[in-house]
Amino acid sequence: PITFYRKDYTAPNYKISRTDLTFTLNPSRTKVASRLEFEVWDHSNPDNLPLELDGEDLELDQVLLNGEKLDATCYTQSHTGLTIHNPGREGVLEITVYIQPDQNTRLEGLYVSNGNFFTQCEAQGFRRITYFSDRPDVLSQFTVTLIANEATHPVSLSNGNLIEEKKLGEGLHMTRWEDPFPKPAYLFALVAGRFVCQEETVKKGDGKPALLQVWVEPGNLDKTDFAMQSLKKSIDWDRERFGLELDLDRFMIVATADFNMGAMENKGLNIFNTKFVFANPELATDVDFENVESVVGHEYFHNWTGNRVTCRDWFQLSLKEGLTVFRDQEFSADMMAEGLDEVQADSARAVKRIEDVKVLRAAQFPEDAGPMAHPIRPDSYQEINNFYTVTVYEKGAEVIRMQHTLLGEQLFQRGMQIYFERHDGQAVTCEDFVGAMETALQEAHPELDLKQFRHWYSQAGTPEVSASWTQTNGQLVLTLKQNCRPTPGQAIKPAFHIPVKLGFVEKASGRDVPLQLESNTNALHGDVLDFTESTQTFVFTGLDKPVVPSLLRSFSAPVILQSAHTTDDLIFLAGHDNDPFNRWDACQKIYGKAILDIYLQRGLTDGANTQAAVQIVENLLKDKQLSDGFLALALQLPSEGTLLEAFDGLVDPVAMHFARTTLRDLLACTFGADFKAIYDARNLTGQPYSYNAVAASQRALKNVALAYLVAAGADEELNVAKAQYAASNNMTDRMAALSNIVHNGPGNPPELAEFFERFNNEALAVDKWFMLQATVPASNENVNTLQTVRELLKHPSFTLKNPNRARSLLAAFAMQNPSVFHSHSGDGYALWADLVIELNTINPQVAARMARGLDRWTKLVPALQEKAHKQLERVLDTDKLSPDVREVIGKALD
Ligand code: HT7
Ligand code: ZN
């Protein structure tokens with residue numbers, strides 16, 4: 001395999017200042033004619049540098065240079081591109097190629113989905129459309145002409161403004177599009193087919209109108225209202241919070257059922273997975289609604305952070321992705337808090353923060369500890385598609401958030417302003433972003449810098465921070481230590497600059513006391529401590545009464561905190577911390593300790609930590625101040641993935657599942673009456689559904705209570721779920737009821753068949769149906785989930801060609817169902833290997849994601865390791881293994 005290195009970056013030989021493309025769209029043979037105006041990148045370049053164009057799976061028809069047809073001696077064609085030997089210092093290149101969109105199951109480049117044409121060009125899909133300098137630092141002004149059959153493809157769209165439209169005869173029609181903004185090829189898009197749209201007009205920054213459109217296949221228009229509202233909210237929010245205006249006359253969203261990822265921010269023509277557009281109460285859960293709002297926001301926010309300022313090379317991916325995830329997280333938090341009073345708003349923002357940190361701990365921490373660990377700005381890759389990771393995205397967002405914490409909102413916004421002043425219209429690096437933030441910081445505090453902070457960009461791994469303290473004679477001496485374990489290629493790492501947001505909660509009153517630092521006073525900025533050395537001691541004064549430190553408030557840095565808190569301290573913080581995030585985290589720590597004890601004691605529940613977990617839940621249930629959203633999260637136990645990662649040793653996921661189930665059942669039995677009361681108070685059967693943060697929180701809490709009730713109970717409680725299923729008027733309640741029935745009850749309940757019957761024409765609901773069955777845990781003795789998955793693979797509605805459907809079975813059982821995937825027989829691994837191998841030939845990108853299922857195999861107990869190893873080897877030995885899958889499996893076996 002070829003490895004690409006960040007250090008090897010060189011500028012291209014040529015610019016392509018203008019690009020004209022003409023597509024004659026035909027599903028089996030599309031003609032692509034390009035006209036490229038090029039000139040040397042740098043006028044000091046020598047003459048006769050080759051012009052290197054990327055291209056894959058293209059049928060070359062002809063090449064013209066300045067109007068003259070080139071013979072084959074003037075260029076070299078390979079399976080990765082076309083090199084023009086002596087193009088001259090500037091000129092016009094015209095290339096004609098043919099491609100086969102209906103054969104494109106990889107869904108990269110131009111492909112056909114349900115008869116309609118779509119493109120996906122990020123990261124390197126454009127080279128599957130035509131020969132081009134397919135790298136993000138080559139920005140070009142595009143004009144695109146689309147010629148299509150008017151009957152079968154009446155709508156044809158591309159980036160920018162529609163400048164011409166006409167019938168051509170012979171049943172063909174043409175549209176021409178001009179994008180005023182120079183852009184890299186990865187932001188190019190075209191869509192053609194049968195579509196309908198909902199549209200609205202809003203005002204742009206210059207007061208002129210902009211047309212917003214959401215395009216879907218006929219029959220789906222009733223699912224687009226929420227996406228349109230979300231788009232309008234995103235536009236308003238970016239203006240109000242970041243001062244960034246919509247810069248386009250036309251902003252379009254198009255939904256497709258066949259899409260490798262969530263959505264794509266092509267300039268003015270966002271293409272979305274239907275999963276992140278379609279939302280109505282019958283089909284979408286509250287979480288789906290939340291995701292639609294956040295993904296619509298994310299793609300819109302890319303218009304500035306990604307499109308106006310883009311990446312110089314793909315190693316800089318986090319420049320746009322980390323920053324844009326941070327922006328979408330803040331957007332969602334602000335939307336959740338909208339219209340609430342200050343206390344409720346704080347709680348709503350904390351709920352969002354907790355949700356984000358749960359994802360980080362469950363997915364990114366394992367990645368950072370495994371064979372694919374990489375810095376948010378990777379140093380190398382074999383296949384760039386494998387680096388659209390939780391590290392680049394979610395940890396990348398944490399790194400931006402830490403800069404926000406260090407600078408504060410005002411200086412952070414000043415940094416953004418400097419970033420755009422310096423780099424609008426350019427392709428830049430992560431260093432350029434930090435440089436802008438550092439300038440903003442130094443405008444206000446010339447003595448500070450972000451020098452050490454930059455390690456967060458270059459070092460992989462999750463730092464472990466240990467905290468201990470003593471309080472005597474009015475002083476509290478806090479000692480912090482940090483350590484980051486080796487990751488591939490990085491054995492020893494200098495200390496990180498870790499912002500530790502903290503408070504001291506007085507035991508007697510539960511109030512925060514003022515923070516006063518005796519020594520190194522310049523390390524404290526407000527309530528944020530700069531922790532920069534491997535071991536550092538801070539002396540706080542004015543603490544006459546006993547306090548409990550609350551550290552890393554709001555999860556101010558992506559680290560693993562091991563604190564010297566006693567069980568009593570944690571119970572205290574769970575009830576009194578003035579930081580809601582840390583209240584939740586104290587609950588999680590206790591639950592985690594209790595489950596690990598049960599795991600180590602093979603099911604015994606008589607330990608002190610189990611008692612503490614019971615105490616925590618009792619306190620939570622008594623506390624009438626807590627919001628429903630917070631309580632729903634605080635009552636949930638850590639996920640199995642988080643528990644497996646937290647255990648320092650080789651682990652048996654099946655036993656861990658049973659340990660977690662044991663604690664859940666104990667809590668369910670102990671507090672059955674309370675859960676019933678919560679459930680009854682919020683079971684508003686018959687009330688009309690509306691999606692809003694408050695109503696969603698109520699439903700979330702009700703459904704957490706339902707899960708405990710069903711866990712505790714026998715038939716009677718299962719009947720509560722059945723009654724909820726029968727009465728539900730929305731997907732949130734329907735799915736919650738059904739998952740309780742399917743995961744806990746007898747196999748093949750009638751509700752499962754009813755669900756399929758009701759929704760078999762709705763692909764996203766059918767995905768849910770598959771997913772529910774693939775996630776039945778080992779603790780349900782009525783069901784053999786692996787057997788069910790094998791049978792479902794043969795179901796007429798199943799196909800590996802559709803990524804959502806493939807994920808609904810394969811990702812569900814291999815990544816969301818540890819107790820079945822890691823079954824002691826090893827059959828889960830064998831099934832996983834079969835499917836990765838099959839998917840590899842259909843869609844390497846999606847196959848490579850699924851191939852990550854055994855990333856953490858070396859953390860398993862020896863008997864499981866042996867079985868996992870055998871299947872990993874089997875995948876690696878497969879004929880025609882794609883570079884995508886090869887990289888993932890190769891690194892796992894390294
Ligand atoms: N920037 C987009 C990335 C993306 C993508 C990458 C590789 C292959 C397919 C893809 N589809 C979309 C999505 C985003 O972060 O907004
Ligand atoms: Zn993005």
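Reader: Between which strands is the loop that holds Leu 552?
Author: This is a predicted model: local features need pLDDT of at least 70, side-chain atom pairs count only at pLDDT 80 or more, and totals for chains, interfaces and linings use all residues. Residues are numbered from 1 along each chain as its sequence is written, while chains are lettered from A and ligands numbered from 1 in the order in which they are written. Helices (H or I, at least four residues) and strands (E, at least two) are DSSP runs, numbered from the N terminus. Leu 552 has its place in the loop between β32 (547–551) and β33 (560–563).

Reader: What is the phi of Leu 552?
Author: Leu 552 is not a glycine. Its phi is positive all the same, at about 60 degrees.

Reader: Is Leu 552 buried or exposed?
Author: A residue is buried if 20 or more other C-beta atoms lie within 10 Å of its own, exposed if 12 or fewer, and partly exposed in between, with C-beta atoms placed from the backbone. Leu 552 has 25 C-beta neighbours inside 10 Å, so it counts as buried.

Reader: What is the phi of Phe 555?
Author: Phe 555 is found in the loop between β32 and β33. It is buried, with 22 other C-beta atoms within 10 Å. Phe 555 is a residue other than glycine, yet its phi is positive, near 55 degrees.

Reader: Which residues come nearest to ligand 1?
Author: A residue is near a molecule if its C-beta atom, placed from the backbone, lies within 6 Å of it. There are 15 residues around ligand 1. The nearest are Glu 122, Asn 260, Met 261, Met 264 and Tyr 388.

Reader: Which element gives the largest share of the shell around ligand 1?
Author: The elements that give two or more residues are β20 (263–264) and α2 (286–302). The largest share is three residues, and it comes from α2.

Reader: Which residue does a cis peptide bond join to Glu 122?
Author: The omega of this bond is about 0 degrees. The partner is found in the loop between β11 (116–120) and β12 (141–149). The bond joins Glu 122 to Ala 123.

Reader: Which residue of β21 stands opposite Met 264?
Author: Two strands pair if DSSP finds at least two bridges between them. β20 and β21 pair in the antiparallel sense over two bridges. Their hairpin has four residues between the strands, and Gly 268 there takes a positive phi near 70 degrees. Opposite Met 264 stands Ile 271.

Reader: How many residues of strand β21 are buried?
Author: Leu 269, Ile 271 and Asn 273 are buried on one side of β21. Asn 270 and Phe 272 are buried on the other, so both faces are covered and the strand is largely enclosed by the rest of the structure. For β21 (residues 269–273) the count is five of the five.

Reader: In β21, what is the bridge partner of Thr 256?
Author: Strand β19 (residues 250–256) and β21 pair in the parallel sense over five bridges. Thr 256 has as its partner in β21 Asn 273.

Reader: Which helix gives the most to the largest nonpolar core?
Author: A nonpolar core is a set of buried Ala, Val, Leu, Ile, Met, Phe, Trp, Tyr and Cys residues joined through C-beta atoms within 7 Å. This one has 264 residues, and those touching the most other members are Val 191, Val 254, Val 277, Val 500, Ile 590, Val 836 and Met 850. With 12 residues, the most comes from helix α15 (residues 693–712).

Reader: Which residues does Lys 223 touch, beyond those up to four places away in sequence?
Author: Lys 223 lies in the loop between β18 (209–216) and α1 (225–242). It counts as buried because it has 23 C-beta neighbours inside 10 Å. Contact here means C-beta atoms, placed from the backbone, within 7 Å. Lys 223 touches Phe 278, Ala 279, Asn 280 and Leu 283.

Reader: Which strands stand at the edges of the open sheet of eight strands?
Author: The order is β6-β5-β9-β3-β2-β12-β15-β14, with mixed pairing. Each edge strand has a single partner, so one side of each is left without a neighbour in the sheet. The edge strands are β6 (68–69) and β14 (161–169).

Reader: What is the bridge partner of Lys 15 in β3?
Author: Strand β2 (residues 14–24) and strand β3 (residues 30–40) pair in the antiparallel sense over 10 bridges. In β3, Lys 15 is matched with Glu 39.

Reader: How far apart are the C-alpha centres of domain 3 and domain 4?
Author: Domain bounds come from an automatic or database domain assignment. That assignment gives domain 3 as 464–564 and domain 4 as 777–894. Their C-alpha centres lie apart by 42 Å.

Note on methods. Two residues are in contact if their C-beta atoms, placed from the backbone, lie within 7 Å.
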